[in-house]
Amino acid sequence: MEPHIVKGNHPVMEKIFQICDRVAPTDSTVLIQGESGTGKELVARYIHARSRRANNPFIPVNCGAIPADLLESEMFGHEKGAFTGAVSARMGLFQYANGGTIFLDEIGEMTPALQVKLLRVLQEREIRPVGADRTIRVDVRVIAATNRDLSADVKSGRFREDLFYRLQVIPITIPPLRERRSDIPLLVQYFLDKHNSQRPGQPVRISDEAMVHLWEYDWPGNVRELENLVERLVILSEDGMIRVENLPSNIRTFISDKKIPRPTLTDEGIDLNRAVEEFEYRLIDEALRRTKGNKQAAARLLGLKRTTLVAKLRRKASSSDQGCVL
Amino acid sequence: MSDALKGRILVVDDDENAVEILTRMLAREGHTSVAASSGAQALETLRRENVDVILLDVMMPGMDGLEVCRQLREDERLRQIPVILLTAKDDMDTRTRAMELGVSEFLTKPVNRRELFTRIDAQLHARSLSRELSATVEKVLQPPTDPDGE
């Protein structure tokens, strides 16, 4: 079965799938990097589905979700009595994946001790269950993924360099959705079709204006966030049309926030006076733009006296081109 | 900003003043720039020079910014260069056309400086990813030398 996957038209996505198509039939280890929600597991499943292992298991393991002290026995299995609670011997996920593919997500969360053991598995193609004095040969393709900057973790000593190079035989980095914005309308349409087909009645459509709002939004949760929203909008739609009013408020206000972004308070702190000044200048610019430079009319829009506006403009000119441009 | 990616940016605007301000700001952030004062000149420059990002004004006499985008799309090499549209004209119709033409970012004038550089950085990041992926494509297209494929 081919996993559902949306390729996108962006040149970066074309390259990613060119690589996947090429490496799928080989047994090369692949390292997929990308922010949360960019579709790393979908890419891994795509590679598996096009490999000679397609009819064998695809086993996903979230290394960040399993407690560190349990991960080893989850992955490699254990013998009876290997540790307290190990009342019987148990197979590990590598054995379940035999002949197929194991997908090690959030590989950057793996402890250094387990990193050494994984490296040995990749080199020897055999595993040692916890508490066992024998090894078991396995035929498993490894695809790893992370949302961390693994090369930075290597530099800081958090991640083993030898394992990193062993994993990233074929490196694939998926860009966040905001860096391939031109794919957003295509994805919205794809998810609309997908969720429309799962329910009876007239298909739900989206207005141009609502589509523009989705296009301009930054999608911190990437494709997963987009799909969840489209699914919700389809389910909640009353008249078969998604309009701007139906969008969550953070997306509705995103376009205007982009013009006058909310100041963000960072850990280093901010200069409140400067932030307020920047905000003020931005509103003044907007007022002057709307009134085509008429200071009297701009002052009225801002609820200021003309002389106050002129004084502010003089101060603004002397603080050079901070804040707004053009 | 020091470890952010630096790029070569094409600034297209018929307003000399706007070009000058943008060019100066880009230089301060460590980017290099090349300027064009019309859509036609922009296309000519792009056929001759390599740039990483295009900052493109919409309202220009003759060929407007949207028409420039349309022509870029028809060229296999040029369509890969991200376009950031800068415009005072932010009606829904212009936004919709920009979206349909595959524009990477749409910013309305007056442009917020922080916003502009966040968007430029994002596009430069995507460009560098794209180059890394091209290198991987080259690598996987080579005939395997090791029977393990590794």
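Begin by selecting α1(A) and α5(B), two helices whose crossing is left-handed (the near helix is turned anticlockwise from the far one by less than a right angle). The model is a predicted one, in which local features need pLDDT of at least 70 and side-chain atom pairs count only at pLDDT 80 or more, while totals for chains, interfaces and linings use all residues. Residues are numbered from 1 along each chain as its sequence is written, and chains are lettered from A and ligands numbered from 1 in the order in which they are written.

**The helix pair**

Helix α1 of chain A spans residues 11-23, and its axis comes within 9 Å of that of α5(B), crossing at roughly 25 degrees (axes are lines fitted to C-alpha atoms over the stretch in contact, with angles from 0 to 180 degrees between N-to-C directions). That makes the two helices roughly parallel, a term for angles under 35 degrees. Helices here are DSSP runs of H or I with at least four residues, and strands are E runs of at least two, numbered from the N terminus.

On the α1(A) side, display the residues that meet α5(B), including Pro11(A), Ile16(A), Ile19(A) and Val23(A). Among their partners in α5(B) are Ala126(B), Leu133(B), Val137(B) and Leu141(B). Contact means C-beta atoms, placed from the backbone, within 7 Å. By class, this meeting of helices has 11 nonpolar, four polar and two charged residues (nonpolar: Ala, Val, Leu, Ile, Met, Phe, Trp, Tyr, Cys and Pro; charged: Asp, Glu, Lys and Arg; polar: the others, Gly among them).

**The side of chain B that touches chain A**

Next, widen the selection: 39 residues of chain B are in contact with 40 residues of chain A. On chain B, α1 (16-28), α4 (92-100), β5 (105-108), β6 (111-112) and α5 (113-141) each supply at least two residues to this side. The largest share, 16 residues, comes from α5(B). Divided by class, the residues of this side are 18 nonpolar, 12 polar and nine charged.

**Chain B as a whole**

Now show chain B alone, which has five helices and six strands. From the N terminus on, they follow the order β-α-β-α-β-α-β-α-β-β-α. Its C-alpha atoms fill a box of roughly 60 × 35 × 30 Å along the principal axes.

Then select Leu43(B), in helix α2 (residues 39-48) of chain B. Leu43(B) touches Val68(B) and Gln71(B), leaving aside residues up to four places away in sequence. With 19 other C-beta atoms within 10 Å, Leu43(B) is partly exposed (a residue is buried at 20 or more such atoms, exposed at 12 or fewer, and partly exposed in between).

**Inside chain A**

Move to helix α2 (residues 40-49) of chain A, which is largely enclosed by the rest of the structure because seven of its 10 residues are buried. Val43(A), Tyr46(A) and Ile47(A) are among these buried residues. The buried residues of α2(A) pack against α1, β1 (30-33), β2 (58-62), β5 (101-105), β8 (141-146) and β9 (170-173) of chain A.

**Two positive phi values**

Most residues other than glycine have a negative phi. Select Glu106(A), in the loop between β5 and α5 (112-124) of chain A. Its phi is positive, near 55 degrees, and Glu106(A) counts as partly exposed, with 19 C-beta neighbours inside 10 Å.

Finish at Asn222(A), in helix α10 (residues 222-236) of chain A. Asn222(A) has a positive phi of about 55 degrees and, with 21 C-beta neighbours inside 10 Å, counts as buried.

Notes
Two residues are in contact if their C-beta atoms, placed from the backbone, lie within 7 Å. Angles under 35 degrees count as roughly parallel, over 145 as roughly antiparallel, 65 to 115 as roughly perpendicular and the rest as oblique.
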